[in-house]
Amino acid sequence: MTFGLRKRLSKERGFSLMLGFITRPPHRFLSLLCPGLRIPRLSVPCAQPRPRAMAVSSSSCELPLVAVCQVTSTPDKQQNFKTCAELVREAARLGACLAFLPEAFDFIARDPAETLRLSEPLGGRLLEEYTRLARECGLWLSLGGFHERGQDWEQTQKIYNCHVLLNSKGAVVATYRKTHLCDVEIPGQGPMCESNSTMPGPSLESPVSTPAGKVGLAVCYDMRFPELSLALAQAGAEILTYPSAFGSVTGPAHWEVLLRARAIETQCYVVAAAQCGRHHEKRASYGHSMVVDPWGTVVARCSEGPGLCLARIDLSYLQQLRQHLPVFQHRRPDLYGNLGHPLS
């Protein structure tokens, strides 16, 4: 089968799609560590320039394909939707069953007052547009961080950072409200106090069955808390998703390291859609959206600027890895308590 490079995302639209190949590098070492482990040498579309048409084995084409979208949100909500919709439609044309959008896919405001003014309830116009988009394209959407006016809006005048999961019919199948708020002061990056406008979510969301596997929902700063990822993994997650808007200082230092660590310790795929570039005069984001497999290998990565990357999810590989390296059977809660206790 031939996987051709699509030209539809042209420079006029402000972003490009670059597809290449990555194969998992640790085959020899992993085979020695786990004799008999089947490690498929499937090629994975990823964000690397490769102008030729590319071949994908028939076996790999049977695996679910996911798309990770990278955007530069601004305070202009309609322009942001237009950009995201173009990427989602391209993901559908390329055969993805699930597309991931980053935190603040709806907008990134200049200050807390503008954030509150631009926010909407889940039943508002913007989510209706994404509902129609999911139905039109026939794929699931992970909307990584929606500025939600919750039911307590009138009392609190604060919002939630809400990760919304839509199925291919446009129905909301899960919502997770970010539990760890980013109140930090990083030298060279500027202060951030998310709690000025945002309420922390009250609970975790159980993993959701999707065409790509069971997805555990989180948002950005949550990746710094392994207890959350361990709880989701023990509740059955096969894919952890961290839609994000990392800064220019913490990004180069921590972004990939944290994502690979969460993948290795949970033996899950990790999907991280990211904001990139300059949103306005007050803020910029690191980008580098990626997919990490359960061995900790980056199997897909976006290039600079808005665009998308693709990866196939191989759950048989995940299960074999867990069988040969059964870390969850070796945990000692008698020694360190309920760290990452399974969700009730």
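1. Let me start with a helix pair. Helix α3 (residues 77-93) and helix α5 (residues 125-137) have axes that come within 10 Å of each other and cross at roughly 15°. Because angles under 35 degrees count as roughly parallel, that crossing makes α3 roughly parallel to α5. As for handedness, α3 passes α5 in a right-handed crossing. Please keep in mind as you look around that this is a predicted model.

2. A second helix pair is worth a look in your viewer. Helix α7 (residues 226-234) packs with α8 at an angle of about 40°, and their axes are 10 Å apart. That angle makes α7 oblique to α8. The crossing of α7 and α8 is right-handed.

3. Now to the sheet. Six strands form an open sheet with mixed pairing, and their order is β12-β13-β14-β15-β18-β19. At the edges you will find β12 (208-210) and β19 (298-301), each of which pairs on one side only. From one strand to the next, the twist averages 25°.

4. One strand pair in that sheet can be followed residue by residue. Strand β15 (residues 269-272) pairs with strand β18 (residues 290-292) in the antiparallel sense, over three bridges. If you would like a landmark, find valine 271: it stands opposite valine 291 in β18.

5. Next, the largest pocket, which holds about 1,000 Å³ of space. Its lining is made up of 43 residues, and the closest to the centre of the pocket are Pro191, Met192, Cys193, Glu194 and Arg283. Those five names make a handy selection for centring your view.

6. Which elements supply the lining of the largest pocket? At least two residues each come from the helices α4 (112-118) and α8 (250-266). The strands β7 (140-148), β8 (160-166), β10 (183-186), β11 (190-193), β16 (276-280) and β17 (283-286) also each supply at least two residues. The largest share, four residues, comes from β11. Helix α8, already met as the packing partner of α7, is thus a name to keep in both pictures.

7. What is the chemical make-up of that lining? The residues lining the largest pocket divide into 19 nonpolar, 15 polar and nine charged. Glu194 and Arg283, both among the residues closest to the pocket centre, count as charged, whereas Pro191, Met192 and Cys193 count as nonpolar.

Definitions and conventions: Residues are numbered from 1 along each chain as its sequence is written. This is a predicted model: local features need pLDDT of at least 70, side-chain atom pairs count only at pLDDT 80 or more; totals for chains, interfaces and linings use all residues. Side-chain values use heavy atoms; hydrogens and water are left out. Two strands pair if DSSP finds at least two bridges between them. Axes are lines fitted to C-alpha atoms, for helices over the stretch in contact, and angles run from 0 to 180 degrees between N-to-C directions. On a 1 Å grid over the protein atoms alone, a cavity is a set of points where a 1.4 Å probe fits but cannot get out, and a pocket is an open set with protein on both sides within 12 Å along at least five of seven lines; lining residues have an atom within 4 Å of a point. Grid points are joined across faces, edges and corners, and a volume is the space filled by probe spheres set on the points. Angles under 35 degrees count as roughly parallel, over 145 as roughly antiparallel, 65 to 115 as roughly perpendicular and the rest as oblique. A crossing is left-handed if the near helix is turned anticlockwise from the far one by less than a right angle, and right-handed if clockwise.
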